[in-house]
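Visitor: I am new to this structure. Please take one part of it and go through that part closely.

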Amino acid sequence: MTITNEKPTQKTARPVTPLGILVEKLEGIVEQAKQEGVSENLQSAIDAAFQLGSGLDPYLDQVTTSESEALANLDRKTREEDWSKCFSDGETVRKLEQEMLSGHIEGQTLKMFVHMTKAKRILEIGMFTGYSALAMAEALPEDGKIIACEVDPYTAQFGRDCFDVSPHGNKITILVDPALESMKKLASEGETFQLAFIDADKTGYKDYYRLLMDEGLLESGGYIFVDNTLLQGQAYLPPQQRNENGEAIAQFNQMIADDPRVEQVLLPLRDGLTMIRKL
Ligand SMILES: C[S@@+](CC[C@H](N)C(=O)[O-])C[C@H]1O[C@@H](n2cnc3c(N)ncnc32)[C@H](O)[C@@H]1O
């Protein structure tokens, strides 16, 4: 057996945001233009468009507060895991992938929102390896708590192991069940939350929202943050370009826009992050 000290292979994440996809397309256009020999003016316009787009995400990373060591460790471990093998070996019950992790900019944004809202009881719907849960936990006071719903036991344990090396991990309780079941149980026990973060299966978003709003889980004046509300641009692209998730998100966004009980804003951060305030 050969023992090396090489790091486990890390696959490069594929683009999963409107900007990332746009930049990948621009990169292809830059190459194609070079090969086909377009005019100097057109080439420099294409190069400028590529520069403008490709520089944004690295710049945000550079000027945003760095993530904690525990978050960096969780991110690295998530990238090193072979998620497709975990699924084919039957370790995970769902097909998971490293691209599901929210990451540095969104994590710091959520953490900032927790500070700003002074929320002490948070419900997370869709935890994966726990990046967003831990980022929010870092902003909670000692007596604050997060209940994180995750259907996959393998990734729930993966997250738990990462939480346990953080001084904030003890604020997070994981419920390993379909989120709808966990939420109904929490509602029947009279639990209430000041902040919820929806980031699970996109076709379930409408039901999660209804449960939060109609079953008393979310307190008046409480906030719901919702991830992937641009769904790689499918939310605003022509309907025939949408897959099932894109259609679910488009319908969800419209449902929120039509609900007089709330105020909301869709931030074009990463794959779209909607902030909703219950009036
Ligand atoms: C996009 S990931 C969550 C990412 C995480 N919030 C983060 O910031 O890194 C979605 C997660 O939702 C979980 N999920 C999907 N359907 C679910 C359900 N019905 N109930 C609970 N969790 C679910 C998946 O197993 C997956 O881990």
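Guide: What follows is a look at one helix, and then at the sheet that supplies part of its cover. The model is predicted. Helix H11 runs over residues 244–257, which makes 14 residues. From its first C-alpha to its last H11 reaches 20 Å, close to the 20 Å expected at 1.5 Å a residue. Its buried residues are Gly246, Ala248, Ile249, Phe252, Asn253 and Ile256. These cover an arc of only 160 degrees around the axis, which puts them on the same side of H11. The general reason for such spacing is that an α-helix has 3.6 residues a turn, so residues three or four places apart point the same way. On the other side of H11, Glu244 and Gln254 are exposed.

The cover over the buried residues of H11 includes helix H10 (205–214) and two strands, E6 (262–267) and E7 (273–278). Both strands belong to an open sheet of seven, ordered E3-E2-E1-E4-E5-E7-E6, with mixed pairing. E6 is an edge strand of this sheet, as is E3 (172–176), and each of them pairs on one side only. Neighbouring strands are turned against each other by 15 degrees on average, direction ignored.

Further along the sheet, E4 (residues 193–198) pairs with E5 (residues 218–227) in the parallel sense, over five bridges. Phe197 stands opposite Phe225 in E5. Another helix, H8 (residues 153–163), packs on the sheet and touches E2 (145–150) and E3. The direction of H8 makes about 170 degrees with that of E3.

Terms used. Residues are numbered from 1 along each chain as its sequence is written. This is a predicted model: local features need pLDDT of at least 70, side-chain atom pairs count only at pLDDT 80 or more; totals for chains, interfaces and linings use all residues. Helices (H or I, at least four residues) and strands (E, at least two) are DSSP runs, numbered from the N terminus. The expected span of a helix is 1.5 Å times one less than its number of residues. A residue is buried if 20 or more other C-beta atoms lie within 10 Å of its own, exposed if 12 or fewer, and partly exposed in between; C-beta atoms are placed from the backbone. The arc is that of the directions from the helix axis to the C-beta atoms. Two residues are in contact if their C-beta atoms, placed from the backbone, lie within 7 Å. Two strands pair if DSSP finds at least two bridges between them. Axes are lines fitted to C-alpha atoms, for helices over the stretch in contact, and angles run from 0 to 180 degrees between N-to-C directions.
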